[in-house]
Amino acid sequence: MKRRFSVVLSAGLAVGLLAGCQSSQGQGPDKLVIAARGGSHVAAMEAVKTAFEEEHQVEVEIIGLEAADLKQKISLDATNARGSYDLVMADDPWMPEFGEAGIFANLSELGVEADEDFEASSLALGKHPYGTGDLYALPFSGNVQLFFYNEQLMADKGYDVPDSWEEVLHIAGEVHAADGTAGYVIRGQQGNPIVSDFLPIFWAFGGQVFDESWSAQIDTEAGREALSLYIELAAAGANYETTDIVSSVSEGRAAMALGWPSWFISGETAIASYAPIPSKGTAADPAISTGMIGNWMMGVAANSQYPELAAEFLSFITSSETQKSMVEHGGVPTRKSVYQDNELAAKYQHFPIQLEALQNSVARPRTPKWSQVEEALGAELSAAIAGTKSAEQALADANQAINQVMQ
């Protein structure tokens, strides 16, 4: 990969930085520090980082944090002139907010070029402005929502995988009516859970959260159709949190649900069957991309003390060869060549489905206020599911609350 570095320092500052960067052997920094989403992401990086450490004679320290703590610590550290972190991970909906706040260094200026092997929808998330601007982060983990179902339960009752939400509701109703089995499980908790669960249905009916002027478009015909169907799905099944969603579908106590691959798929083993999310509201509707993309991105902190070396590590950890190695340790690829590798695809049979879902995915609205929008929308959707508000009132209130956030 071609690299170009343009770092201009005054003589005094250069001396100071050089002194600060020297290791005990006088060969550069002793350590790079990464603020990362904890769990499988950290385990995957820990498994492969040694090659980089040995080549560059540097320790790579990876600090794993829960999502809320990660975002808070990154935001606070970004206010310091000299940051504690050299690289940081970000959930993709944070990218507009982080972009406006200047948290990431411009990768284009550090010589990191956009690579067409990255799946296009994943790469677009790291550009600011979204999709068209300079590159500020690379896609580290290619998560995208899928449709999960209990294959044995569906087969026993003679059902094929549905391709419309109208069909999902029909199957769910019949499954539930037959013996009380949950036909479909929603994730109806306020905030991110219910919004992530609802939006693919809303999109399938042709809905968009905003119009071109950033005015809320929840209280629309698409919103009414989607929320009505969502309420009926809940009535034909159950409203569970993540752990119970996974166990109920995998054990056959529920037929269908939406979820992220990491919930149901670990390595080569899947505890439920999977397919792309239904792309239509009704059978007569045109197919629309509906799978919510949820990549974890990684970029160089703008206040990193070692931005050039950090950029080298970013290129290393997101390379095709490293991604192939990380798959064995729970890594989720973002490169087409990794998904299409014949040996890996034979071993990890969800790869073709996941790549298809990524290629037909939808990003959440690219606004720095998305977290607030999500809270406002989630509260109203939860009220409708709980029956404390009518669907019509909840949609109207959601529209008003979102517009207030955006103002």
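Leaving aside neighbours within four places in sequence, which residues is S320 in contact with? The legends below take up that question first and then move around this predicted model.

**View 1. S320 and its contacts in helix α14.**
Here we look at S320, which is placed in helix α14, residues 320–327. Once its neighbours within four places in sequence are set aside, S320 is in contact with D117, R335, S337 and V338. Its relative accessibility is 17%, and because buried means under 20%, S320 counts as buried.

**View 2. The whole protein chain, for orientation.**
Before the next close-ups, it helps to step back to the full model. The protein chain has 19 helices and 16 strands. Its radius of gyration is 23 Å, close to the 22 Å given by the globule rule for 407 residues, so the chain is as compact as a globular protein of that length. Along the principal axes, the C-alpha atoms fill a box of roughly 75 × 50 × 30 Å. Of the 407 residues, 52% count as buried. Among contacts with a separation of 6 or more, 74% are between residues 24 or more positions apart. The chain exposes about 17,200 Å², and carbon and sulfur atoms supply 47% of that area. If you are thinking about charge, there are 23 positive and 54 negative charges, and their mean positions lie 5 Å apart.

**View 3. Residues 1–26, a stretch with pLDDT below 50.**
A word on confidence belongs with this view. The mean pLDDT of the protein chain is 93, and 93% of its residues reach 70 or more. Over residues 1–26, however, the pLDDT is below 50. In the model this stretch has 33 contacts beyond near neighbours in sequence.

**View 4. S141, a buried residue of strand β6.**
S141 sits in strand β6, which covers residues 138–141. With a relative accessibility of 2%, S141 counts as buried. What does S141 touch, not counting residues up to four places away in sequence? The list is H41, N295, W296, V332 and T334.

**View 5. The cis peptide bond between H128 and P129.**
This close-up shows a backbone detail. H128 and P129 are joined by a cis peptide bond, with omega at about -5°. P129 itself is in the loop between β4 (127–128) and β5 (134–135).

**View 6. Q57, a residue with a positive phi.**
Q57 is not a glycine, yet its phi is positive at about 50°. You will find Q57 in the loop between α3 (50–56) and β2 (59–65). Its relative accessible area is 56%, and since exposed means over 50%, Q57 is exposed.

**View 7. W214 and the chain end at Q407.**
W214 is another residue other than glycine with a positive phi, here near 65°. W214 lies in the loop between α9 (192–204) and α10 (221–235). Is W214 buried or partly exposed? With a relative accessible area of 38%, W214 is partly exposed. Its partner in this view, Q407, is found in the segment after α19 (391–406). Q407 counts as exposed, at 79% relative accessibility. Although W214 and Q407 are 193 residues apart along the chain, their C-alpha atoms are separated by 9.5 Å.

**View 8. A376 in helix α18.**
Helix α18 spans residues 370–386 and includes A376. At 14% relative accessibility, A376 counts as buried. Leaving aside neighbours within four places in sequence, A376 is in contact with A401 and I402. For a sense of scale, the C-alpha atoms of A376 and G237 are separated by 25 Å, with their positions 139 residues apart along the chain.

**View 9. P276 and its contacts.**
P276 is placed in the loop between β13 (273–275) and β14 (291–292). At 27% relative accessibility, P276 counts as partly exposed. Not counting residues up to four places away in sequence, P276 touches L146, F147, I353 and E356. How far apart in space are P276 and A43, C-alpha to C-alpha? The distance is 27 Å, and the two residues are 233 residues apart in sequence.

Definitions and conventions. Residues numbered from 1 in each chain as written. Predicted model: local features only at pLDDT ≥ 70, side-chain atom pairs only at ≥ 80, totals over all residues. Heavy atoms only, no water. Helix = DSSP H or I, 4+ residues; strand = E, 2+ residues; numbered from the N terminus. Rg over C-alpha atoms; globule rule 2.2 N^0.38 Å. Buried < 20%, exposed > 50% of the residue type's maximum accessible area, 1.4 Å probe, protein only. Contact = heavy atoms within 4.5 Å. Areas by Shrake-Rupley, 256 points an atom, 1.4 Å probe, with all protein chains shown as cover. Lys, Arg positive; Asp, Glu negative; His and termini not counted. Charge placed at Lys NZ, Arg CZ, Asp CG, Glu CD. pLDDT = per-residue confidence, 0-100.
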